[in-house]
Amino acid sequence: DIGVTGVQTCALPICDRAGRDGGMSWRPVSPLVAAWARWCTMGAAVVAMDVLAIVPVLLVGASLGVPPVGRVAETALVVSLGGAAMLPAWDLVARRLGLFASVGFALVWGIAGVLTAERTVWWLLPFAWPVRATLRLLGTHANGTALSGDDPVAVASPLPAVLLTVLLLAVAIAVFSVVQIRVRPSAGSKRAPRRVPAPRPVHQAMPFQRGAPIQRRDGSALRAVLVSLRRTGMLTTAIVVVVVEALAALVWHRSVYSSTLFEFVTLPVAASLLPILAWMKTGPAWRVIATRPVRPGRLAVSMRAGIVLYTIGFAIVGCVIEACAGAPQDHVLRAVIITLTLGAALTSVHLWLAVRFSPVLSLAVLCVGMLLSLLTGGTTLASALWMWGPWAWAGTVTTTNDPLRMVVAWFVCVAVVIGMQPLTTRALRRHAAISH
């Protein structure tokens, strides 16, 4: 919930700037009033999201003859309160540092809360308060397993955690309201006006030698796409993640730790994030790119293939790091088989979501999918629910010697890669036709 809240928070300023030529930035209102308007809008979106997520529980209870109306309303209120507790902070991060910084901070905050909500010192950790407040109401542990009757969390009252969450929300609103006031430019400022440099000519004449032979470039659409992806941040992101994996292998000195990091975290995150980064940079210019003398279908296939090649290269490097860290040969072999196909499948799905709908929705699916996969694949629930966490298949498949699980996961990934090709091509053609 907190990760999706971060996505909603960063989506609001992006849509505001893009949809109304600056939105609230040119309105005759103070920064504090504009901030309160944003926070109220985002708070209403969080409440609506949580209500829509919890209403099916009410419907199931009604079908069983015991509709838990009070419990559902109480749970929706507490969950919404926890999700909105740090909205002012995510708003400031989104406006100052951008989309991925806001989502990253929100995810780290949410995962830290899940990992520490049942510790004895939870009351000292603000990120654990929203999660702790919902455990007894939901009747589950932080990892989703059911609470037993004699469990300390089931016996303890949720009221202290709820009050601490309310305190966290009040402090966040007060602190970031002061920040909004302090960053307001002074009305009596007498700074000298900034000098604007003289405009430079946009088009410069190219040197031409009479009689020089005309050089023709290779018309490969795939090569053109790979060149266009250089400045999208994909290569930098992949290099940073590879360096983190290598450092983890050097520091921990145990192959199981580096393998777990690669298979459960870095591979699914990188495979899902790379197409989002690519489309955020390529999407605005796709209509111009599509006017090249190349068939649209061929260009779309090359676009998808170029991003998938980045993911496959990253997966190969990760498997090499696993082998160098001392992982068993059979484990590395299983990792190579599943990570290449899983990476291609996740890249294909998230590219289609980014093109057909928006990068923000693709990022939200990544946040929810990673959380569900870590809960179902990184715990004892993996033995029964591993199929419902495809983002964690690289870990849940390679850590077991079940050939049936390997075959099922591999065929599903291959089917997704093949099935996403016509959908992505259609979405790219549609985007080229309607973009402006």
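Student: Where in this predicted model is Val251 placed?

Tutor: In this predicted model, Val251 belongs to helix H10, which covers residues 234-252.

Student: Why is Val251 called exposed?

Tutor: Its relative accessible area is 59%, and a residue counts as exposed when that value is over 50%, so Val251 is exposed. Val251 also helps to make a nonpolar surface patch of about 570 Å², together with Leu235, Ile239, Val243, Leu247 and Leu250.

Student: How many aromatic pairs are found in the whole structure, and what makes the pair of Trp386 and Trp393 tilted?

Tutor: A search of the whole structure gives seven aromatic pairs. For Trp386 and Trp393, the ring centres are 5.8 Å apart and the planes stand at 55°; the centres have to lie within 6.5 Å for rings to pair, and an angle that is neither under 30 degrees nor over 60 counts as tilted, so this pair is tilted. Both Trp386 and Trp393 are buried.

Student: Why is the pair of Trp410 and Phe411 called edge-to-face?

Tutor: The centres of these two rings are 5.1 Å apart and their planes are at 90°, and since planes over 60 degrees apart count as edge-to-face, the pair of Trp410 and Phe411 is edge-to-face.

Student: How do you know whether Trp410 and Phe411 count as exposed or partly exposed?

Tutor: Trp410 has 31% relative accessibility, which lies between the cut-offs of 20% and 50%, so Trp410 counts as partly exposed. Phe411 has 51%, and the cut-off for exposed is over 50%, so Phe411 counts as exposed.

Conventions. Residues numbered from 1 in each chain as written. Predicted model: local features only at pLDDT ≥ 70, side-chain atom pairs only at ≥ 80, totals over all residues. Heavy atoms only, no water. Patch = residues over 30% accessible without salt bridge, like charges linked within 9 Å, V, L, I, M, F, W, Y side chains within 5 Å. Areas by Shrake-Rupley, 256 points an atom, 1.4 Å probe, with all protein chains shown as cover. Salt bridge = Lys/Arg side-chain N within 4 Å of Asp/Glu carboxyl O. Helix = DSSP H or I, 4+ residues; strand = E, 2+ residues; numbered from the N terminus. Buried < 20%, exposed > 50% of the residue type's maximum accessible area, 1.4 Å probe, protein only. Phe/Tyr/Trp six-rings, centres within 6.5 Å; stacked < 30°, edge-to-face > 60°.
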